[in-house]
Amino acid sequence: MAGLRERLGQAKRFVDGVLGADKYQHYLEHHARTHPGQAPMTERAFWKDYSDWQDKNPQGRCC
């Protein structure tokens with residue numbers, strides 16, 4: 001059973017990476033390294049900021 005859980009966890013991390021769902025987690029890790037002691041953006045604020053950035057920088061988008 002532990003093997004199945006481990007494989008499901010690996011699959012989830014892979015899918016999150018492909019879909020970009022792990023961007024907030026990477027942001028939190030980066031923020032902790034580069035801005036210790038400062039509060040990071042909330043997840044909601046992060047995704048709004050990221051969406052706004054994508055709208056202003058459409059290069060690399062397929063559609």
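User: Hello! In this predicted model, which helix does Phe14 lie in?

Analyst: Welcome! The model is a predicted one, and Phe14 is a good residue to begin with. Position 14 falls within residues 2–19, and that stretch is helix α1.

User: Is Phe14 buried or exposed?

Analyst: A residue counts as exposed when its relative accessible area is over 50%. For Phe14 the value is 59%, so Phe14 is exposed.

User: Which residues make the nonpolar surface patch of about 450 Å²?

Analyst: Phe14, which we have just found to be exposed, is one of them. It shares this patch of about 450 Å² with three others, and the full set is Phe14, Val15, Val18 and Leu19.

User: Let's step back to the whole protein. What pattern does it follow along the sequence?

Analyst: The protein has three helices and zero strands. Reading along the sequence therefore gives helix after helix, and the pattern is α-α-α.

User: Is the protein more spread out or less spread out than a compact globule?

Analyst: For 63 residues the globule rule gives 11 Å, while the radius of gyration here is 15 Å, well over that value. Along its principal axes, the C-alpha trace spans about 45 × 40 × 20 Å. Because its radius of gyration is well over the rule's value, the protein is more spread out.

User: What share of the 63 residues is buried?

Analyst: To be buried, a residue needs under 20% relative accessible area. Phe46, in helix α3, is buried with 9%. Across the 63 residues of the protein, the buried share is 10%.

User: And what part of the exposed area do carbon and sulfur atoms supply?

Analyst: The protein exposes about 5600 Å². Of that area, the part supplied by carbon and sulfur atoms is 57%.

User: Which side chains meet in a salt bridge?

Analyst: The structure holds one salt bridge, and its N to O distance is 3.0 Å. Both partners lie in helix α3 (residues 43–56), four residues apart, about one turn of the helix. One partner is partly exposed at 29% because that value sits between the cut-offs, and the other is exposed at 52%. They are, in that order, Asp52 and Lys48.

User: How far apart are the mean positions of the positive and negative charges?

Analyst: The protein has 10 positive and 8 negative charges. Taking the mean position of each group, the separation is 3 Å.

User: How far apart in space are the C-alpha atoms of Gln10 and Asp55?

Analyst: Gln10 sits in helix α1 and is partly exposed, with a relative accessible area of 41%. Along the sequence, Gln10 and Asp55 are 45 residues apart. In space, C-alpha to C-alpha, they are separated by 31 Å.

User: One last pair: what separates the C-alpha atoms of Phe46 and Gln25?

Analyst: We met Phe46 as a buried residue in helix α3. Phe46 and Gln25 are 21 residues apart along the chain. Their C-alpha atoms are separated by 10 Å.

How values were computed
Residues are numbered from 1 along each chain as its sequence is written. This is a predicted model: local features need pLDDT of at least 70, side-chain atom pairs count only at pLDDT 80 or more; totals for chains, interfaces and linings use all residues. Side-chain values use heavy atoms; hydrogens and water are left out. Patches are made of residues with over 30% relative accessible area and no salt bridge: like charges are joined within 9 Å, nonpolar side chains (Val, Leu, Ile, Met, Phe, Trp, Tyr) within 5 Å. Accessible areas come from the Shrake-Rupley method with a 1.4 Å probe; for residues, only the protein chains shown count as cover. A salt bridge is a side-chain nitrogen of Lys or Arg within 4 Å of a carboxyl oxygen of Asp or Glu. Helices (H or I, at least four residues) and strands (E, at least two) are DSSP runs, numbered from the N terminus. Buried means under 20% relative accessible area, exposed over 50%, partly exposed in between (1.4 Å probe, protein chains only). The radius of gyration is taken over C-alpha atoms; the globule rule is 2.2 Å times the number of residues to the power 0.38. Lys and Arg count as positive and Asp and Glu as negative; His and the chain ends are not counted. The place of a charge is taken as NZ of Lys, CZ of Arg, CG of Asp or CD of Glu.
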